[in-house]
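The following exercises are to be worked with the sequence and the coordinates at hand. Each task is followed by a solution in steps.

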Amino acid sequence: MNLLALDTSTDTLSIAVQRGDAVWEHSGPGGPQTSTQLIPAIQALMAEAGLEFAELAAIVFGRGPGSFTGLRTACSVAQGLAFGARVPVLPMDSLLAVAEQARMQCGCTDLVAVLDARMNEVYHAAYHYGDGRWNDIGEHSGDFGLCAPEALQLPPGTVVAGNALAAYGERLAPQARHVTALPTATAMLRLAPAQLAADRALPADQALPRYIRDKVAQTTAEREAAREAAASAPAPGASPTQP
């Protein structure tokens with residue numbers, strides 16, 4: 001199977017190309033650099049693999065949740081390439097790709113995938129791997145959660161996989177076992193065959209992001225209020241001031 005996979009939902013740009021059993025990978029800085037680096041990196045990787053875009057079974061892309069700008073970039077590039085090559089697109093949930101990456105790194109089969117949503121919040125979803133496939137086990141099947149890191153209450157020993165620990169430290173599930181994992185393009189390649197077999201490939205014009213919230217950023221007033229709250233909070237270990 002020939003596939004191209006790309007993810008720009010985090011600060012890391014991840015691309016992978018599969019030709020038969022062989023896989024070529026590229027990883028680099030994402031964020032503001034994604035818009036200028038993504039297409040040249042894809043072209044270089046396709047050339048290494050000796051593939052034309054029309055030979056692809058599908059173009060797999062991370063649809064989110066994640067960086068708003070990153071998701072729009074991934075969707076537009078996947079859509080444009082798919083239109084030109086007349087091949088379908090395969091949207092992939094970023095949190096599912098995190099779960100798959102953690103399974104390959106550590107053998108985890110029961111975990112909560114968590115990604116930094118910025119604005120003092122995290123995206124999360126619980127998954128179980130069995131019978132060769134992942135199943136979400138959240139309160140509402142197929143739904144992702146969004147909450148403050150402190151609000152993610154998990155039993156001790158729960159495996160939390162993702163990139164949010166670096167941003168929030170002890171605020172995020174301090175009793176859990178943490179595994180650093182990103183929604184890599186290679187994880188998406190491993191997930192793609194089952195998704196294709198389930199007829200989840202779509203026409204190019206349906207390459208759309210999956211947003212969990214509509215708000216992109218805090219207002220100036222909200223940022224100022226957050227700074228004032230942080231400045232007035234007691235330092236760690238400090239005793240409360242007595243009247």
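**Exercise 1. The surroundings of a glutamine**

Gln 101 is placed in helix H3. The model under study is a predicted one.

Task: Determine whether Gln 101 is buried or exposed, and which residues it touches beyond four places in sequence.

Solution.
Step 1. The helix that holds Gln 101 is H3, which comprises residues 94-106 and lies across S1, S4 and S5. The direction of H3 is at about 70° to that of S5.
Step 2. The relative accessibility of Gln 101 is 13%. Buried means under 20%, so Gln 101 counts as buried.
Step 3. With residues up to four places away left out, Gln 101 touches Ala 181, Leu 182, Thr 184, Thr 186, Ala 187 and Arg 190.

**Exercise 2. The open sheet**

Task: State in what order the five strands of the open sheet are arranged, and which strands stand at its edges.

Solution.
Step 1. The order is S3-S2-S1-S4-S5, with mixed pairing.
Step 2. S3 and S5 (89-93) each have a single partner strand, so one side of each lacks a neighbour in the sheet; these two are the edge strands.
Step 3. Direction ignored, neighbouring strands are turned by 15° against each other on average.
Step 4. H2 packs on this sheet and touches S1, S4 and S5, and its direction makes about 165° with that of S4.

**Exercise 3. Strand S4 and its partners**

Task: Establish how many bridges join S4 to S1 and to S5, and find which residues stand opposite Phe 61.

Solution.
Step 1. S4 covers residues 58-64 and runs parallel to S1, to which four bridges join it.
Step 2. S4 and S5 also run parallel, and five bridges join them.
Step 3. On the S1 pairing, Leu 4 has Ile 59 of S4 as its bridge partner, while Leu 6 stands opposite Phe 61.
Step 4. Phe 61 also stands opposite Pro 91 in S5.
Step 5. Six of the seven residues of S4 are buried, so the strand is largely enclosed by the rest of the structure.

**Exercise 4. The faces of helix H1**

Task: Compare the span of H1 with its expected value, and locate its buried residues around the axis.

Solution.
Step 1. H1 has 16 residues (34-49); at 1.5 Å a residue the expected span is 22 Å, and the end C-alpha atoms are 22 Å apart, in agreement.
Step 2. The buried residues of H1 are Thr 34, Leu 38, Ala 41, Ile 42, Leu 45, Met 46 and Ala 49.
Step 3. Viewed down the axis, these buried residues fall within an arc of 130°, so they line one face of H1. The spacing has a general basis: an α-helix has 3.6 residues a turn, so residues three or four places apart point the same way.
Step 4. Thr 36 and Ala 47 are exposed, on the face turned away from the buried side.
Step 5. The cover over the buried residues of H1 includes S1 (2-7), S2 (12-19), S3 (22-29) and H2 (68-85).
Step 6. Just after H1, Gly 50 has a positive phi of about 70°.

**Exercise 5. Backbone exceptions**

Task: Find where the residues Asn 120, Asp 131 and Pro 65 lie, and describe the backbone there.

Solution.
Step 1. As a reference, most residues other than glycine have a negative phi, and most peptide bonds are trans.
Step 2. Asn 120 lies in the loop between S6 (110-116) and S7 (122-130). Its phi is positive, near 60°, and the residue is partly exposed at 39% relative accessibility.
Step 3. Asp 131 lies in the loop between S7 and S8 (133-136). Its phi is about 55°, again positive, and Asp 131 is exposed with a relative accessible area of 84%.
Step 4. Pro 65 is in the loop between S4 and H2; the peptide bond from Gly 64 to Pro 65 is cis, with omega near 5°.

**Exercise 6. Cysteines**

Task: State how many disulfides the structure holds, and assess Cys 108.

Solution.
Step 1. There are zero disulfides.
Step 2. For Cys 108, the nearest cysteine sulfur belongs to Cys 106 and is 4.7 Å away. A disulfide requires sulfur atoms within 2.5 Å, so Cys 108 is in none.
Step 3. Cys 108 is buried, with a relative accessible area of 5%; Cys 147 is buried as well, at 14%.

Technical notes:
Residues are numbered from 1 along each chain as its sequence is written. This is a predicted model: local features need pLDDT of at least 70, side-chain atom pairs count only at pLDDT 80 or more; totals for chains, interfaces and linings use all residues. Side-chain values use heavy atoms; hydrogens and water are left out. The expected span of a helix is 1.5 Å times one less than its number of residues. Buried means under 20% relative accessible area, exposed over 50%, partly exposed in between (1.4 Å probe, protein chains only). The arc is that of the directions from the helix axis to the C-beta atoms. Contact means heavy atoms within 4.5 Å. Two strands pair if DSSP finds at least two bridges between them. Axes are lines fitted to C-alpha atoms, for helices over the stretch in contact, and angles run from 0 to 180 degrees between N-to-C directions.
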